[in-house]
Amino acid sequence: QPSFYRTLEGPISALKSAGAALPLLLGIGFAYGVFHAAGPGHGKAVIAAYVVASERALLRGVALSFAAALLQAVVACLIVIVAALILHATAATMQGMARMVEIAGFAAVALLGATLTWRKSGKLMSLLSGRSIPVPHDAACDHIHVPGPEVVERLRGWRETAAVVAAAGIRPCTGAIVVLVFTLSQGLLPAGIAATFTMAIGTALTTGSIAAIAVFAKRLALRMAGGRGATGEVILAAVELLAAAFVLVLGIGLLAGFWTFSART
């Protein structure tokens, strides 16, 4: 982070004096997003594990990556704008707000993992016991039914998508906060906002690439397991359960680490 901060000084100073360094600032933000996203972080882990744990295609994984990265940028902008321009808060207060949002994101990861683990464990147990998935009643019967499985699945899909985006993207990127605070102090907040969103695009490209690897790896594992036969279905369900459990353990670990770090400091 200090190295990144020093890298920003030149373009922002040149932008303030001559107004010709905006492309360089945007390029630095984009490059930071690409390489920062390649390092340790829970966002890419959540999305990659989710596409493995669910019947999600490549396009859905890439779309989730872009949505989560854009949410990160929006949250960072909102924190700085609300804290600095409305509340007149200091940088330390902004970091405190970011930490509150961070713990909400970690809790969302744990909740998403628990939901996926519960569902995938039920799917695996059903396959192992040989039970079939219930089918809808005949449309001509005189009973009153809840919405059909396709409607429930569609609603559940939207809820899951929103939960994954929130869990992966609600935590603002520290680099984005640095850019926004620095440009705000120089009276160049619009340039900082632009750099934050180019940073989000770089982050989305890296995260989307990792999600694509996860999708292709799952397809390869399915082919190696013999396709969609009975054995293949059981193996695939076991892999999905492991991926879901990984999200749960990740969320619990993030929460535990956050509280341990807070207690020490």
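This report walks through the helices, one helix pair, a cavity and a few single residues of a predicted model.

## The whole chain

Let us start with the overall picture. The chain has nine helices and zero strands. Reading along the sequence therefore gives nothing but helices among these elements, in the pattern α-α-α-α-α-α-α-α-α. Of the 265 residues in the chain, 40% are buried. How much of the contact in the chain, counted at a separation of 6 or more, comes from residues 24 or more positions apart? The share is 81%. Keep that number in mind when you meet the residue pairs further down.

## Two helices side by side

Two packed helices are described by the angle between their axes and the distance between the axes. For helix 4 and helix 7 (residues 174–185), the angle is about 35° and the axes are 9 Å apart. The crossing of helix 4 and helix 7 is right-handed.

Which residues meet here? From helix 4 come Ala-76, Cys-77, Ile-79, Val-80, Ala-84 and Leu-85. Facing them from helix 7 are Ala-176, Ile-177, Leu-180, Val-181 and Leu-184. By type, the residues of this contact are 11 nonpolar, no polar and no charged.

Ala-76 is a good residue to click on in this contact. Ala-76 belongs to helix 4. Is Ala-76 buried or exposed? Buried is the answer, because its relative accessible area is 0%, and the cut-off for buried is under 20%. If we set aside neighbours within four places in sequence, Ala-76 is in contact with Pro-172, Ala-176, Ile-177 and Leu-180. Ala-176, Ile-177 and Leu-180 also appear among the helix 7 residues that meet helix 4.

## A cavity inside

Rolling a probe the size of a water molecule over the atoms shows where empty space is left. How many cavities of 30 Å³ or more does the structure hold? There is one. The largest cavity contains about 50 Å³ of space.

The lining of the largest cavity is made by Ala-69, Gln-72, Ala-73, Cys-173, Ala-176, Thr-196, Met-199, Ala-200 and Thr-203. Two elements give two or more residues to this lining: helix 4 (58–86) and helix 8. Helix 8 provides the largest share, with four residues. Sorted by type, the lining has six nonpolar residues, three polar and no charged. Ala-176 turns up twice in this report, since it is in the cavity lining and also in the contact of helix 7 with helix 4.

## Far along the chain, a short way in space

Now for some pairs of residues that sit many positions apart in sequence. The table gives each separation along the chain and the distance between C-alpha atoms.

| Pair | Separation in sequence | C-alpha distance |
|---|---|---|
| Ala-212 and Arg-60 | 152 residues | 9.6 Å |
| Ala-76 and Val-179 | 103 residues | 9.9 Å |
| Ala-230 and Leu-128 | 102 residues | 9.6 Å |
| Val-215 and Ala-48 | 167 residues | 7.9 Å |

Ala-76 is already familiar, but the other residues that open each row deserve a look too. Ala-212 is part of helix 8 (residues 189–224). With a relative accessible area of 13%, Ala-212 is buried. Val-215 is also found in helix 8, and its relative accessible area of 4% makes it buried as well.

What about Ala-230, buried or exposed? Ala-230 lies in helix 9 (residues 230–264). Its relative accessibility is 66%, so Ala-230 counts as exposed, the cut-off being over 50%.

## Putting it together

To recap, this is a chain of nine helices and zero strands, in which helix 4 packs against helix 7 at about 35°. Helix 4 is also one of the elements that give two or more residues to the lining of the largest cavity. You can trace each of these features in the structure above.

Note on methods: Residues numbered from 1 in each chain as written. Predicted model: local features only at pLDDT ≥ 70, side-chain atom pairs only at ≥ 80, totals over all residues. Heavy atoms only, no water. Buried < 20%, exposed > 50% of the residue type's maximum accessible area, 1.4 Å probe, protein only. 1 Å grid on protein atoms, 1.4 Å probe; cavity = no way out; pocket = protein on both sides within 12 Å on 5 of 7 lines; lining within 4 Å. Points joined across faces, edges and corners; volume = space filled by probe spheres on them. Nonpolar A, V, L, I, M, F, W, Y, C, P; charged D, E, K, R; others polar. Axes fitted to C-alpha atoms, helices over the stretch in contact; angles between N-to-C directions. Left-handed = near helix turned anticlockwise from the far one by under 90°. Contact = heavy atoms within 4.5 Å.
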